[in-house]
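Below is a short note on two local features, a cavity and a small sheet. Please read the points against the structure shown here.

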Amino acid sequence: MAETAVLTETASVAGAPLTLDAIVIGAGVAGLYQLHLLRQQGLDVKAFDAASDVGGTWYWNRYPGSRFDSEAFCYQYLFSEELYKGWSWSEKFPGQPEIERWLHYVADKLDLRRDIQFSTRIESAHYNEATGRWKVTTDSGQVIDTRYVVSCCGMLSAPMASLFPGQETFKGQLFHTARWPKQPVDLAGKRVAVIGNGATGIQVIQTIAEQVGHLTVFVRTPQYMIPMKNPTFTEEDQNAYKAKFDLFAQRLPHTFTGFEHDFEHAWAPLTPEQRREVLEKTWEDGSLKFWIASFGELFFDPEVGEQISEFVREKMRARLKDERLCKLLIPSDYFFGTHRVPLERGFLEAFLRPNVEVVSVRDNPIERVTPDGLMLRDGTTYDCDVLIFATGFDAGTGALTRIDIRGRDGRSLKEDWSQDIRTTMGLQVHGYPNLFTTGAPLAPSAALCNMTTCLQQQAEWISDCIRHMRAHDLRVCEPTAAAEEQWIEHHEALANATLVTKTDSWYMGCNVPGKPRRLLSYVGGVGAYRQKCDEAAASGYAGFAMH
Ligand SMILES: Cc1cc2nc3c(=O)[nH]c(=O)nc-3n(C[C@H](O)[C@H](O)[C@H](O)COP(=O)(O)OP(=O)(O)OC[C@H]3O[C@@H](n4cnc5c(N)ncnc54)[C@H](O)[C@@H]3O)c2cc1C
């Protein structure tokens, strides 16, 4: 039944709600495609984004050095050959400006902007059980009445920005990397402090080290890292990767992590020399291949984990040389691959520069921000002109819990997830009918998945589910409590078999005080996840109650 036929009133009559079939929250990689798909099937749909243009992650993260860790030719939409081939990447791992331009290209090609309302934050979404519809409000007081809410608000889009007392007293400039201003920031000759050395911190530090007067880097957890090789692409290279479009379209959705590579080697049958050879070879690729396509055992077997960790430490020691730096910057108490592994270019060498200093805050944490800089617990102070927070995100849950989402019986998603983070396949949450989610917890995500691969699949599943509902005159879809429990048990069984859950990291929610401990990403593999989603759909959406 064409619900749109009776709900075509989209112009806002003063005071009256805007009535839609669906809203999409977010205009990043997921939101753009979701909008396209829902519009294609004739829904009256609008996307909303707090940003002033499309891009999501690639709109907000314009800090110095921001770039892909995914190969550009894999981080693309694969539903349209024309769209894929119409864009040419200049290098293997391009920087943020180029990625943002690509998403502008996508928005233009698919003519998406006419259905996106920018500079608009969704503040609340309340479900009305009597009508099976959501009342959504924006930060400007606009009210939207919609049947479906599709969250594409990002796995890594809620910055951890308010971390220390005294931040408001700082006299210099303070930036979170995910809220970097559009206008250039002049760091030349300045005293700059960077908090954080994860994937983002690494990109910032290696980029600004030579520009600034003095750089102080505050390190809590040293990181393993892989040196990036980033060849520029000639027209011949571009044609060569474009010629592989069919291969990518067929292969990426079925590999373990949605990247081009897959695990090809088994540790046990090989001799130590053969293992070393595989490690050296995958290391030489200069990509995440070393992590996600060397030996799968590194995720499960502590002995393999230790040997591969030692291989990486050895590589890092050879570059750092200095004993003190090695101690501060090389991990020793967790296994390689159980944190998000970053790629880097000259990060370690930055610390060999005379103007760069590293301070460990593991045992002597940052106590507060002062008007002049930072103070550690023991009272030591560090003055600076610019303070950069590379402090990451409230991953997976943060973007959703920052919206006042109320489901059946007025239950609050924020409250529910403060007890236990639960979803059904990362696509829906029991208690929240007609709320669909991409990039949410318990689905593959965040470097354990090449995100475009995962997000396209989720957007397609959601679109198909809504199409099925409309075709069968069904108005409400909600996963059953039993199906959700089953998914969580399955997720936990897989997660707990890995070493990832034994390490404190943002994958486990450990960077957010009070966040329930649960591996946010599904680790059964992108291909296996897709199969489970497809099976649910093929069986008439088993586990999802519809009426
Ligand atoms: C620095 C950085 C580098 C990354 N590099 C890679 C990489 O190399 N490979 C990879 O696979 N992944 C990478 N990621 C992960 C990246 O987030 C995903 O690849 C992808 O861009 C996510 O797209 P999305 O559409 O799901 O969410 P996002 O791109 O995060 O977009 C979400 C959008 O929702 C909007 N939004 C959120 N809440 C609201 C609200 N309440 N109201 C209105 N709008 C709202 C936000 O403004 C944002 O624009 C990286 C992430 C970061 C932060």
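The points below take the basis of the model, then the cavity, then the sheet.

1. The model is predicted: local features need pLDDT of at least 70, side-chain atom pairs count only at pLDDT 80 or more, and totals for chains, interfaces and linings use all residues. Numbering starts from 1 along each chain as its sequence is written, and side-chain values use heavy atoms, with hydrogens and water left out.

2. A cavity is a set of points, on a 1 Å grid over the protein atoms alone, where a 1.4 Å probe fits but cannot get out. Points are joined across faces, edges and corners, and volume is the space filled by probe spheres set on them. The count is two cavities of 30 Å³ or more; the second largest has a volume of about 30 Å³.

3. Lining this second largest cavity (an atom within 4 Å of a point) are R67, Q203, Q206, M228, L343, E344 and R345. Two or more of the lining residues come from each of α5 (199–208) and β11 (343–344); helices (H or I, at least four residues) and strands (E, at least two) are DSSP runs numbered from the N terminus. The lining comprises three charged residues (Asp, Glu, Lys, Arg), two nonpolar (Ala, Val, Leu, Ile, Met, Phe, Trp, Tyr, Cys, Pro) and two polar (the others, Gly among them).

4. Three strands form an open sheet in the order β13-β14-β15, with antiparallel pairing; strands pair if DSSP finds at least two bridges between them. At the edges, β13 (366–370) and β15 (381–383) each pair on one side only.

5. Strand β14 (residues 373–376) runs antiparallel to β15 and is joined to it by three bridges. M375 is placed opposite T381 in β15.

Methods: 1 Å grid on protein atoms, 1.4 Å probe; cavity = no way out; pocket = protein on both sides within 12 Å on 5 of 7 lines; lining within 4 Å.
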